[in-house]
Amino acid sequence: MNQQSPRLPDSPMIDLQGVTKEFLKPSGEVHTVLRNINLRVAKGEFCSIVGPTGCGKSTTLSLIAGFEAPSLGKVQIKGEKLEGINSRASCVFQTENAFPWKTVIDNVSLGLRLNGTSKNDAFQEARRWIEKVGLKGFEGHYPHQLSGGMRKRVALAQCLITQPEILLMDESFSALDVHTRHLMENELLKIWEETSASVFFITHDLEEAIALSDRVIVLTAGPAATIKGDYRINLERPRNVAEIRFDKQFAELHEQIWNDLRDEVMVSYASANNA
Ligand SMILES: Nc1ncnc2c1ncn2[C@@H]1O[C@H](COP(=O)(O)OP(=O)(O)OP(=O)(O)O)[C@@H](O)[C@H]1O
């Protein structure tokens with residue numbers, strides 16, 4: 001067993017050690033969502049997690065973000081035990097991140113302003129990120145004046161402007177039409193390749209997971225979900241997410257992972273129908 005002492009530079013960015021998460025049901029019964037999860041994500045690694053609905057993907061993300069604490073085991077970030085909110089992480093959710101009453105530049109610069117950066121400096125940096133995500137010229141627009149894809153770009157810029165070491169994404173692109181989605185996925189890969197951020201990406205779409213990731217984790221159906229499979233995705237980079245799907249190796253990986261995932265989806269359907 002590879003034992004790493006805290007604070008070594010090669011400590012994994014994210015390290016879940018024997019993590020079990022329980023919630024109390026309104027009846028007072030204990031509901032075990034995750035059981036004994038051991039998961040390490042390296043610096044700069046793009047890791048996706050898939051699994052049947054309700055198995056505990058978002059709960060795993062909440063544990064990494066520090067929104068929830070494990071019931072057993074621990075979460076370490078860069079070799080240090082996570083206590084409270086993870087200040088190295090930034091989240092992009094499926095729902096909107098932007099404040100509707102603020103313009104694009106106000107929304108994007110907000111994270112820096114909250115960190116104490118002056119308005120001038122924050123705006124300058126925000127302009128750089130707005131351009132990076134392809135929204136130059138829209139600085140003064142309000143979220144309702146933008147398309148869904150453009151609002152996702154705002155959300156990405158909002159998160160990335162603070163240069164987080166960890167990017168947590170929960171079905172971030174699932175509400176987008178397929179073309180916008182591919183565009184955004186390619187944009188994300190381009191920006192991620194320029195940073196050394198570790199990405200933890202939740203999706204229901206196995207193709208999306210494979211196209212984007214270095215690794216795909218499959219969770220078992222809940223309750224008490226565990227890790228069923230951990231797949232390395234050795235497809236060449238840079239990738240075009242729309243085209244990589246036609247790659248032979250992509251098809252082989254898809255078949256292999258889907259075999260694992262399908263069984264869990266069936267278990268989940270069966271237990272939902274028997275409930
Ligand atoms: N704060 C909470 N209190 C009680 N139960 C919770 C809480 N958060 C999550 N759960 C339960 O934990 C289980 C896993 O939920 P979670 O949202 O993590 O699953 P998921 O895999 O992300 O689901 P989906 O794929 O549908 O988004 C569910 O049964 C859910 O009801």
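**Close-up views of a predicted model**

**View 1. The annotated span, from end to end.** In residues 14-246, helix makes up 30% and strand 26%, and the C-alpha atoms at the two ends of the span are 32 Å apart. UniProt, in an unreviewed entry, gives these residues, 14-246, the feature "domain: ABC transporter". Please keep in mind throughout that this is a predicted model.

**View 2. Two domains and where they meet.** Here the chain is split into domain 1, made of 14-88 + 164-274, and domain 2, covering 98-163. Between the C-alpha centres of domain 1 and domain 2 there are 26 Å. Domain 1 brings 12 residues to the contact, and domain 2 brings 11 residues. On the side of domain 1 that touches domain 2, the largest share comes from α5, with six residues. By character, that side of domain 1 has nine nonpolar residues, two polar and one charged.

**View 3. Helix α4 packed with helix α5.** Zooming in, we find helix α4 (residues 148-160) and helix α5 (residues 178-194) with their axes 10 Å apart and at an angle of about 20°. Angles under 35 degrees count as roughly parallel, so α4 is roughly parallel to α5. The two helices, α4 and α5, make a right-handed crossing.

**View 4. Side by side, the residues of the helix contact.** From α4, the contact is made by Gly 148, Gly 149, Lys 152, Leu 156 and Leu 160. Their partners on α5 are Thr 180, Leu 183, Met 184, Leu 188 and Ile 191. Sorted by character, the residues of the contact of α4 with α5 comprise six nonpolar, three polar and one charged.

Terms used: Residues are numbered from 1 along each chain as its sequence is written. This is a predicted model: local features need pLDDT of at least 70, side-chain atom pairs count only at pLDDT 80 or more; totals for chains, interfaces and linings use all residues. Axes are lines fitted to C-alpha atoms, for helices over the stretch in contact, and angles run from 0 to 180 degrees between N-to-C directions. Helices (H or I, at least four residues) and strands (E, at least two) are DSSP runs, numbered from the N terminus. Angles under 35 degrees count as roughly parallel, over 145 as roughly antiparallel, 65 to 115 as roughly perpendicular and the rest as oblique. A crossing is left-handed if the near helix is turned anticlockwise from the far one by less than a right angle, and right-handed if clockwise. Two residues are in contact if their C-beta atoms, placed from the backbone, lie within 7 Å. Ala, Val, Leu, Ile, Met, Phe, Trp, Tyr, Cys and Pro count as nonpolar, Asp, Glu, Lys and Arg as charged, and the others, Gly among them, as polar. UniProt positions are given in the numbering used here, feature names are shortened, and annotations may be inferred rather than shown by experiment. Domain bounds come from an automatic or database domain assignment.
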